[in-house]
Amino acid sequence: MEFTRKLKKNKVCVIIILFNPVSRNYSELLGKNGVEVILVDNTPGCDANLSQDNVYYIPLLENKGIAYAQNIGVKKAIELEATYVVFFDQDSIIREDYVDNILSEYVRIKRLCPNMIIVGPTLTLFGDAQGQENEEYGI
């Protein structure tokens, strides 16, 4: 939350792509005041009405694919005058400070590399069906 507070003139939108969602409080998941959450639902025939405070639910009513759904989310973020956009899927597991950390890192790297436009996370695999050890990949 510390970094997002420093962005007084900036707005952060978190876009979460859903497919067969389980109802959940997405604003609590992120625990951030001032962060708008955009849920884009790719589930065929589903209108789950998951809107709540600072959460916007957009049902596509059919599976248009993740890129299409992300673009719909970005259009809503632009409408909300977002300065930063962070993407997740409904099954993403993040630390409480993830949004602050990724935005802080983006700003830090942007100073060093002004042409940069995107930052990605470290992907952690929790093991395969045989229980092999975790691996991390910088993306």
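## A walk through the predicted chain

Let's start with confidence: of the elements in this chain, helix H3 (residues 66–79) has the highest mean pLDDT, 96, while strand E6 (residues 135–138) has the lowest, 47. What you are looking at is a predicted model, and for the chain as a whole the mean pLDDT is 78, with 73% of the residues at 70 or more. Where pLDDT is low, the predicted coordinates should not be read in detail.

With that in mind, let your eye follow the chain. You will meet 4 helices and 6 strands. Starting at the N terminus, they come in the order α-β-α-β-β-α-β-α-β-β.

Now turn to the sheet. An open sheet is built from 4 strands, arranged as E3-E2-E1-E4 with parallel pairing. At its edges sit strand E3 (55–59) and strand E4 (84–89), each of which pairs on one side only. On average, neighbouring strands of this sheet are turned by 20 degrees against each other, direction ignored.

Inside the sheet, strand E1 (residues 12–18) and strand E2 (residues 35–41) run parallel and are joined by 7 bridges. To find one pair by eye, look for Ile16, whose bridge partner in E2 is Leu39.

Next come two helices that meet these strands. Helix H3 packs on the sheet and touches E1, E2, E3 and E4, its direction making about 150 degrees with that of E1. Helix H4 (residues 98–112) lies across E1 and E4, and runs at about 135 degrees to E4.

What lies in the interior? The largest nonpolar core has 20 residues, and Val14, Ile16, Leu39 and Leu103 are those with the most contacts inside it. So the bridge partners Ile16 and Leu39 turn up again here. Strands E1, E2, E3 and E4 and helix H4 each supply at least two residues of this core, and H4 gives the most, with 5 residues. A second, separate core has 11 residues, including Ile15, Ile17, Ile38 and Ala69.

Finally, step back to the whole chain. Of its 139 residues, 32% count as buried. The chain exposes about 9,100 Å², and carbon and sulfur atoms supply 50% of that area. Among contacts with a separation of 6 or more, 45% are between residues 24 or more positions apart.

Terms used
Residues are numbered from 1 along each chain as its sequence is written. This is a predicted model: local features need pLDDT of at least 70, side-chain atom pairs count only at pLDDT 80 or more; totals for chains, interfaces and linings use all residues. Side-chain values use heavy atoms; hydrogens and water are left out. pLDDT is the predictor's confidence in each residue, from 0 to 100. Buried means under 20% relative accessible area, exposed over 50%, partly exposed in between (1.4 Å probe, protein chains only). Contact means heavy atoms within 4.5 Å. Accessible areas come from the Shrake-Rupley method with a 1.4 Å probe; for residues, only the protein chains shown count as cover. Two strands pair if DSSP finds at least two bridges between them. Axes are lines fitted to C-alpha atoms, for helices over the stretch in contact, and angles run from 0 to 180 degrees between N-to-C directions. A nonpolar core is a set of buried Ala, Val, Leu, Ile, Met, Phe, Trp, Tyr and Cys residues joined through side-chain atoms within 4.5 Å.
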